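Biologist: I have the sequence and coordinates open beside me. Please take me through them one question at a time.

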Amino acid sequence: MDKVLSARLDESVVNRIGSLAQRLHTSKKKIIETAITEYAARVDEDNEMDVFRKSWGAWHRKESAAQIVEQIRKEFEDSMMRHHR
């Protein structure tokens, strides 16, 4: 179902839409729909999440794995001792 959209556009933009529609032998509506669809696809492509870049800090640490495990075990043991008192 089509909906009506009202927007104030610069006269040069309106003229450009009309000129494109004439040159491509299509409607102004189709020009606007295609432009928005292509723009949205480009924005989505630019904003795609790069898993490696987002999670880089998860494995890029100064501490070794052994040091991290030792720290976690100590914290766990301390926690267990607190609850056994």
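Biologist: How exposed is aspartate 78, as a relative accessibility?

Modeller: Happy to start there: this is a predicted model, where local features need pLDDT (per-residue confidence, 0 to 100) of at least 70, side-chain atom pairs count only at pLDDT 80 or more, and totals for chains, interfaces and linings use all residues. Numbering starts from 1 along each chain as its sequence is written, and side-chain values use heavy atoms, without hydrogens or water. On a scale where buried means under 20% relative accessible area, exposed over 50% and partly exposed in between (1.4 Å probe, protein chains only), aspartate 78 falls in the partly exposed class, at 35%.

Biologist: Which residue forms a salt bridge with aspartate 78?

Modeller: A salt bridge here needs a side-chain nitrogen of Lys or Arg within 4 Å of a carboxyl oxygen of Asp or Glu. For aspartate 78, the closest N and O atoms of the pair are 3.1 Å apart. The two residues sit 4 residues apart in helix H5 (residues 65-84), about one turn of the helix. The partner is lysine 74.

Biologist: How many salt bridges does the model hold by that rule?

Modeller: One is the pair of lysine 74 and aspartate 78. Lysine 29 takes part in a bridge with aspartate 2 and in another with glutamate 33. The count comes to 3.

Biologist: How far apart in sequence are aspartate 2 and lysine 29?

Modeller: Their closest N and O atoms are 3.0 Å apart. Aspartate 2 belongs to the segment before helix H1 (11-24), while lysine 29 is part of helix H2 (residues 28-46). The bridge therefore joins distant parts of the chain, between an exposed aspartate 2 at 58% relative accessible area and a partly exposed lysine 29 at 43%. The separation is 27 residues.

Biologist: And what is the N to O distance between glutamate 33 and lysine 29?

Modeller: Both residues lie in helix H2, 4 residues apart, which is about one turn of the helix. Glutamate 33 is partly exposed, at 36% relative accessible area. Their side chains meet in a salt bridge, with an N to O distance of 3.5 Å.

Biologist: Which residues are linked in a network of salt bridges?

Modeller: Lysine 29 meets aspartate 2 in one bridge and glutamate 33 in another. The linked residues are Asp2, Lys29 and Glu33.

Biologist: Which helix gives the most residues to the lining of the largest pocket?

Modeller: On a 1 Å grid over the protein atoms alone, a pocket is an open set of points where a 1.4 Å probe fits, with protein on both sides within 12 Å along at least five of seven lines, and lining residues have an atom within 4 Å of a point. The largest pocket holds about 340 Å³ of space, and its lining includes Asp2, Lys29 and Glu33, along with Leu9, Val13 and Ile17 among others. H1 and H2 each supply at least two residues. The one that gives the most, with 3 residues, is H2.

Biologist: How many helices are there in the chain?

Modeller: Helices (at least four residues, H or I) and strands (at least two, E) are DSSP runs, numbered from the N terminus. The elements run α-α-α-α-α, with 0 strands. The number of helices is 5.

Biologist: Where is confidence lowest among the elements?

Modeller: The protein chain averages a pLDDT of 87, and 85% of its residues score at least 70. H1 has the highest mean, at 96. The lowest mean, 65, belongs to helix H4 (residues 56-59).

Biologist: What share of the 85 residues is buried?

Modeller: Several residues we have met are not in that class: aspartate 2 is exposed, while glutamate 33 is partly exposed. Across the protein chain, the buried share is 5%.

Biologist: What is the phi of histidine 25?

Modeller: Most residues other than glycine have a negative phi. Histidine 25 sits in the loop between H1 and H2 and is exposed, at 74% relative accessible area. Its phi is positive, near 55°.

Technical notes: Points joined across faces, edges and corners; volume = space filled by probe spheres on them.
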